[in-house]
Number of protein chains: 4
Amino acid sequence: MTHKIAILGASGYTGAELVRLIATHPTMEIVALSANAKAGKPMAEVFPHLRHLDLPLLVRIDEIDFAGVDLCFCALPHATSQAVIKDLPKTLKIVDLSADFRLRDPEVYAKWYGGQHDALECQAEAVYGLTEFYREDIRRARLVAGTGCNAATGIYALRPLIADAVIDLDDIIIDLKTGVSGAGRSLKENLLHAELSEGAHAYAVGGKHRHLAEFDQEFSALAGREVKVQFTPHLLPANRGIVATVYVKGEVEAVYASLKRAYEDEPFMVMLPFGETPSTRHVRGSNFCHVGVSADRIPNRAIVIVALDNLTKGSSGQALQNANLMLGEDEATGLMLAPVFP
Amino acid sequence: MTHKIAILGASGYTGAELVRLIATHPTMEIVALSANAKAGKPMAEVFPHLRHLDLPLLVRIDEIDFAGVDLCFCALPHATSQAVIKDLPKTLKIVDLSADFRLRDPEVYAKWYGGQHDALECQAEAVYGLTEFYREDIRRARLVAGTGCNAATGIYALRPLIADAVIDLDDIIIDLKTGVSGAGRSLKENLLHAELSEGAHAYAVGGKHRHLAEFDQEFSALAGREVKVQFTPHLLPANRGIVATVYVKGEVEAVYASLKRAYEDEPFMVMLPFGETPSTRHVRGSNFCHVGVSADRIPNRAIVIVALDNLTKGSSGQALQNANLMLGEDEATGLMLAPVFP
Amino acid sequence: MTHKIAILGASGYTGAELVRLIATHPTMEIVALSANAKAGKPMAEVFPHLRHLDLPLLVRIDEIDFAGVDLCFCALPHATSQAVIKDLPKTLKIVDLSADFRLRDPEVYAKWYGGQHDALECQAEAVYGLTEFYREDIRRARLVAGTGCNAATGIYALRPLIADAVIDLDDIIIDLKTGVSGAGRSLKENLLHAELSEGAHAYAVGGKHRHLAEFDQEFSALAGREVKVQFTPHLLPANRGIVATVYVKGEVEAVYASLKRAYEDEPFMVMLPFGETPSTRHVRGSNFCHVGVSADRIPNRAIVIVALDNLTKGSSGQALQNANLMLGEDEATGLMLAPVFP
Amino acid sequence: MTHKIAILGASGYTGAELVRLIATHPTMEIVALSANAKAGKPMAEVFPHLRHLDLPLLVRIDEIDFAGVDLCFCALPHATSQAVIKDLPKTLKIVDLSADFRLRDPEVYAKWYGGQHDALECQAEAVYGLTEFYREDIRRARLVAGTGCNAATGIYALRPLIADAVIDLDDIIIDLKTGVSGAGRSLKENLLHAELSEGAHAYAVGGKHRHLAEFDQEFSALAGREVKVQFTPHLLPANRGIVATVYVKGEVEAVYASLKRAYEDEPFMVMLPFGETPSTRHVRGSNFCHVGVSADRIPNRAIVIVALDNLTKGSSGQALQNANLMLGEDEATGLMLAPVFP
């Protein structure tokens, strides 16, 4: 059986990445692509790398007949997403890639995203889309909220350690480096090649990045107490890839054992041998996530390093993994593409 | 039925690219990987991006039992390849990715590659591996010689034009720009990041590049007279991708029509609308080849621009396409992966 | 004596490059910086790399008292420049970096730039700013028009050859590759890091690039007949640098001799040994221009390759070189900074 | 008066950077350049970006007549340097850029660098070359030991804070990101463009990097007790630049005030406004060092970020700054070149 798929917001990078992945998915067919500002254009004009595919024209959302759609990916900007999703048919399966349904507490949402949520009842039913930890809920969900790409990276490093109580909860630092595609296809001066290439810098320093809300929510719920991490993202002169270097206090063997146990049966989580360090280059274009643990010369400290591709495992690949589950497919279907190196 | 595959020279970029592609090929199984200098190591150590795969250990070539192999990809360095291939079982199907079997005339080989050929009888049976033009020969071949990646790019631009006699044969210029992975994983000063990034330069200027031998062979045979092109390659600060800007004299409409006709039923050749220009970014990681034609303000001149990924369509993807044919598969099997952008 | 300098349009890349160069110029002092949209801001906010300098605040142009200014660099966008310059004091020395005063024929200007020129009398007195060829005129000029950066690169390759009549005028091809800073600090999708990095493509193919107007003007005037070149620019994933590969027909020894003679006493023109090829990496950040000549395997063809930094020798360095002449300084003053490599 | 300068090891990146800087230094003249493996070649062949300079041929060290040399920069590899320096005339002023004389304790040297020191009496007189903190000793020194580039970056962030006792000494994390030129011009697989570009990874994780020896030495001596920091370097896909993100515990206002006070009269240390973050792009090619401080949402934590160019302020610029002092010049002579952006 072929599942009929719609993608809203197909003119952005996560939309294009969904099309790329679905292009070789054996049981999905794209029946609708929306991009309001570019409605009427062929996808080949907006993303020439998809020119070889036979795709529907870009349309406005209101032109889509959702009766013929089994599952809808919503790759719209934050805030836009909730306004659209609340009016979609209540029976439609939806995987949202925006930030709109990631936070369970409406007040927390309002605090971090600067305004009242517009679709509270949808928010109430949304499942946090980190497959490895919410798999059963996702299987039964109607609406799945894709995680922040940085949030996913940090959570992969820390969730098992918090669950297994092997680290100090009051002294966690996530120093993260991300490629530029996470910022989307937006016209900002600091995203220009001339501004960004050949260098690096930190941004949103000191507790300002919105993905902190996801860390707070997930870690505190798991620990049963408030957990606040330090989180400093840096922008890399690279398009894809996130690597998070996470500093924790605890026995390094216990740290390694906890992560190894958590991920040993996971199809996309790849545990490196102890002491080896992952690289964004080795996951590029794929849904795989590499996890490494190293000791420090100072006793009782461990360094956990996690690398993934922000557009794949960090957003569109994750979304497809969740969609597979929601549609009764094996979660790895269409996602076993090997990383592209060099 | 599953085809048993061996890859010789698996520690280089084209070897790794073969593994990447075969990883999601439905009817191929890798049963042997060789890399003499790294024999005994797991592939994950040599290419960590392939760590998620369950692959045989790297071995020396003489450790492989070719009785259990249906087809062997030979991704060894030039000259090494012929010495190895001449001793392989005469019944084994082989796709060679080196330069060793590309040239039909042993004297031409000796002139460009600086020495006597060591496996003349293999050379005699080898088929030039440009699928679109040698498809039927390849289907029946035992030994297929993969083309030079630059040669493939230039030939895609010019072969139909020469066949259709729509251009002046005495005034053809191929100005080509290539990413660095075409030079392989070799330790040369000019391939270091610090030397290569953030700039561009021409190399092998003025008729010195060995891929000229392939242009000469293919174009002259086709035209029935000597055809010599000017060819200047440039090195780009990018890993993958070749774009060739080809200057010809002839009616631009005839040029466009000739290429369109030649490629309209080809699964991997993508003709752009007239006047549009391809980019290496839009074929990266894929087996697709984009072809564009533009007029010039000077009458009777046309500019043909061709872009492909040197590691895929330019070598390992091409090799797999040919292997599919040799094994009786559809030539596109396992090769429809969409380009990775951004 | 210290010359008082104003820079109009200091928030763009050529404006910032002027500030960088003048920062270590021994006899120039920046007394005014304009940037209408960013008036009131310190330069350190707009260009943090200039933070260590003690610079005037950015102001609107109408806030500048030109009575205290000896020379004004005008780094404004095309069209804006003419509107501003026509109202500046008629005694003020001006070096314009826009396209507004490069073309001597108002009709040619109108054709290429799509409209009537607004400051025809200024245009009449403007001197084309290619120092090596217009040095004496520049010394006496009040208004110097900086050249197009691509135009400069191509003219350096060809002007001596046309003057010495050593090449065929009807068969000249300039295949040029440029870094992205030439496009300025403008918010365009194709200039984003995610769109531009890791690849290359041609643009303005077939006779559409406006710098062709400069080639036509300069070459035709020199030859005493119409000369039309083919010119294809390509965009590189690099910030600075232009390399032009120029294909000509003529005796290669005569070509080399002509260029060598033309440039042997020039402080910034560096002739490479015969057969060597320049690289943008080896001129980055400097006012030097490297010129190489190679033979081709086809008789009577020569390949001339020229590399320069588009922001320095291609615009702001050239502008400063001209300003030095206009102010009675040695033209190399403040410009001997060595290239930055790696 | 002109100082006669020799540079040993001129075929590496720090040697070339010294030549670049001295090229516009008003009172230094390069009289000898050594590069044993490339002796006899002109510098233009080894570093074409220096082709415009009139430089002595590369020679072997034993060919240099040190009688005519006022100061010698020694840019040789670690271990080689001590063997050479111990045999140089005892009256010759020397600035060494290797690691050989950075560590005062021979046992610490032996531990980190894996062997007995060969020039212990030279080691005893060497002054640690971090100008801002050892200025008076450097002025009087005969032998100055250039610091590690990573070490300099971390020390700029932390030394004033330790001196002023405003941070917890037992909980300091330096997460550092460096461009690739710090690894030198060495032929290693991981330094190839195809391996390094478009990604990032940590290396020498957990207390293995040799620059830790410098942190230990400098911080412990200053604090009067053992201070051990955590230090994780990461390799960036960029040629120049280091940015260190340093996590400390202490009052953020005190942290900012301490750094501001320490650097307010320093010619090359640039303190950013509170809460702003430096970028490697804004110091590239210059001797300036940008320092930023941000608060965290968690009380009593501060984030100090320092950016410098590893080849300039991190090695050759620092070396020249020290040489200026040793020769009685103003320390900023020839070093006020503004950063190159973009």
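Here is a short tour of how some chains and helices in this model fit together.

The model is predicted, so local features need pLDDT of at least 70 and side-chain atom pairs count only at pLDDT 80 or more, while totals for chains, interfaces and linings use all residues. Residues are numbered from 1 along each chain as its sequence is written, and chains are lettered from A, with ligands numbered from 1, in the order in which they are written.

Let's start with symmetry. A turn of 180° with a shift of 0.0 Å along the axis lays chain A on chain D with an RMSD of 0.0 Å (copies are superposed by least squares on C-alpha atoms of residues with pLDDT of at least 70 in both). The two copies are therefore related as by a two-fold rotation axis. In chain A, A:Pro237 has the C-alpha nearest that axis, 3.3 Å away.

Chain D also meets chain B: 13 residues of chain D are in contact with 13 residues of chain B (contact means C-beta atoms, placed from the backbone, within 7 Å).

Within chain D, helix α6 (residues 131-140) packs on helix α11 (residues 312-326) at an angle of about 35°, their axes 9 Å apart. Helices are DSSP runs (H or I, at least four residues), numbered from the N terminus; axes are lines fitted to C-alpha atoms over the stretch in contact, and angles run from 0 to 180 degrees between N-to-C directions. Here's who meets whom:

| Helix | Residues in the contact |
|---|---|
| α6(D) | D:Thr131, D:Arg135, D:Ile138, D:Arg139 |
| α11(D) | D:Gln318, D:Gln321, D:Asn322, D:Leu325, D:Met326 |

Definitions and conventions
Contact = placed C-beta atoms within 7 Å. Helix = DSSP H or I, 4+ residues; strand = E, 2+ residues; numbered from the N terminus.
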